[in-house]
Amino acid sequence: MLSTLITITTLFVLSSAQSWVPSGDLPVDFSLTFSAPEMVYDVCNRNFSQSARTITIATTGVPVTPGETANDPTAMAISGASSGDMFTILMVDPDTPSADVGTTEKPLLHMLITNITNSDPSTGAVLDPYRGPMPPPCSGDHTYHYLLLRQTAALSLTVDDLPQYTPDCTLANLAGRCLFEVANFISSNQMTPVGYVTMVAATDGYVRYSYVNDRGMSEADSCRGLDGYESCPTAPPGSSSEKITVSLSTVMASALCLMYSFIVS
Ligand SMILES: *[C@@H]1O[C@H](CO)[C@@H](O)[C@H](O)[C@H]1NC(C)=O
Ligand SMILES: *[C@@H]1O[C@H](CO)[C@@H](O)[C@H](O)[C@H]1NC(C)=O
């Protein structure tokens, strides 16, 4: 009976974690730094203010806002590696509300840099430039995972090779990025995860402002979930149960899909 319990527990744990998330102590220290500017976003009939601060992502679960991390990281650092090691840095979001964009096993690719030498990320070849968090309203917390992968040799990958890791991606404007097969990418290229950090962000004034002013989305959709606007289909913003899964209506799902096509255009 105990063994049955253990089996059930193990199955549960296995099915709830992404297979590509590294576990245990990793040998290389890896961090990113963002310099958040002081900003005010005037949208949804209110002013959202953001303070200036320097944010270092050197562990898992660092809380940030999309506005604070909208610009490229000001620094990425690798330390404790052997000289001669080559690295790839990969950033993904498995928490997209649309299953056409990303899932737990096949997240949305946000950044990919390969052939990093001398523990200096600026030496790498940028296959997909950094794209900051843009979590749609009512989609809850998104965890952005950064993996530092050790290469066995220089990679001859180009940006044209990326769609082979996104065979299920049908959104033309996200080719090579949506439903990215992280586990397949790592094993096909014989890489070893050696560093791992994450940051967590939910919709903020910057996202809502960008949707209204840069992406041409309606104020009603961009401001959803705030006082004075239509509420989210599930729990209110900020709660961990907010993430839309089974309760998502078809109408909302296509609206979110549309949002994503705005986001990346
Ligand atoms: C936001 O702040 C600006 C500058 O103080 C002000 O002009 C504007 O009316 C404010 N917007 C709202 C919606 O309160
Ligand atoms: C990685 O380095 C190798 C050897 O210098 C080179 O042939 C290859 O094009 C590089 N890859 C990228 C993506 O630039």
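How do the residues of the shell around ligand 1 divide into nonpolar, polar and charged? In this predicted model, that shell holds no nonpolar residues, two polar ones and two charged ones. The residues in question are Asp42, Asn45, Arg46 and Asn47. Two of them can be followed down to atom pairs. A polar atom in the side chain of Asn47 is 2.3 Å from an oxygen atom of ligand 1, and an N or O atom in the side chain of Asp42 is 3.3 Å from a nitrogen atom of the ligand. On its own, ligand 1 has 360 Å² of accessible area, of which the protein covers 33%.

Ligand 2 has another set of residues around it: Thr114, Asn115, Ala125, Leu127, Ala154, Leu155 and Leu157. Five of the shell residues are nonpolar, two are polar and none is charged. Asn115 places an N or O atom of its side chain 2.3 Å from an oxygen atom of ligand 2. Leu155 takes part through its backbone, where a polar atom lies 2.7 Å from a nitrogen atom of the ligand. The protein covers 48% of the accessible area that ligand 2 has on its own, which is 350 Å². Two elements, β8 (108-116) and β9 (125-128), each give two or more residues to this shell.

Away from the ligands, a further feature to trace is an open sheet of three strands. Its order is β4-β1-β6, and the pairing is antiparallel. The edges are taken by β4 (53-57) and β6 (75-79); each has a single partner strand, so one side of each is left without a neighbour in the sheet. From one strand to the next, the twist averages 20°. The pairing of β1 (residues 29-36) with β6 is antiparallel and runs over five bridges. One residue pair to locate here is Asp29 and its bridge partner in β6, Ser79.

Strand β1 also leads to a contact between aromatic rings. Across the whole structure, a search finds six aromatic pairs. One of these pairs is Phe34 with Tyr130, with ring centres 5.6 Å apart and planes at 50°, a tilted arrangement. Phe34 belongs to strand β1, whereas Tyr130 sits in the loop between β9 and β10 (142-151), so the pair ties together parts that are 96 residues apart in sequence. Strand β9 has already appeared above, as one of the elements that give residues to the shell around ligand 2.

Key: Residues are numbered from 1 along each chain as its sequence is written. Chains are lettered from A and ligands numbered from 1 in the order in which they are written. This is a predicted model: local features need pLDDT of at least 70, side-chain atom pairs count only at pLDDT 80 or more; totals for chains, interfaces and linings use all residues. Side-chain values use heavy atoms; hydrogens and water are left out. A residue is near a molecule or strand if one of its heavy atoms lies within 4 Å of it. A polar contact is a pair of N or O atoms within 3.5 Å; within protein, one must be able to donate a hydrogen and the other to accept it, and residues adjacent in sequence count only if both atoms are side-chain atoms. Accessible areas come from the Shrake-Rupley method with a 1.4 Å probe; for residues, only the protein chains shown count as cover. Helices (H or I, at least four residues) and strands (E, at least two) are DSSP runs, numbered from the N terminus. Ala, Val, Leu, Ile, Met, Phe, Trp, Tyr, Cys and Pro count as nonpolar, Asp, Glu, Lys and Arg as charged, and the others, Gly among them, as polar. Two strands pair if DSSP finds at least two bridges between them. Axes are lines fitted to C-alpha atoms, for helices over the stretch in contact, and angles run from 0 to 180 degrees between N-to-C directions. Rings of Phe, Tyr and Trp (its six-membered ring) pair if their centres lie within 6.5 Å; planes under 30 degrees apart count as stacked, over 60 as edge-to-face and the rest as tilted.
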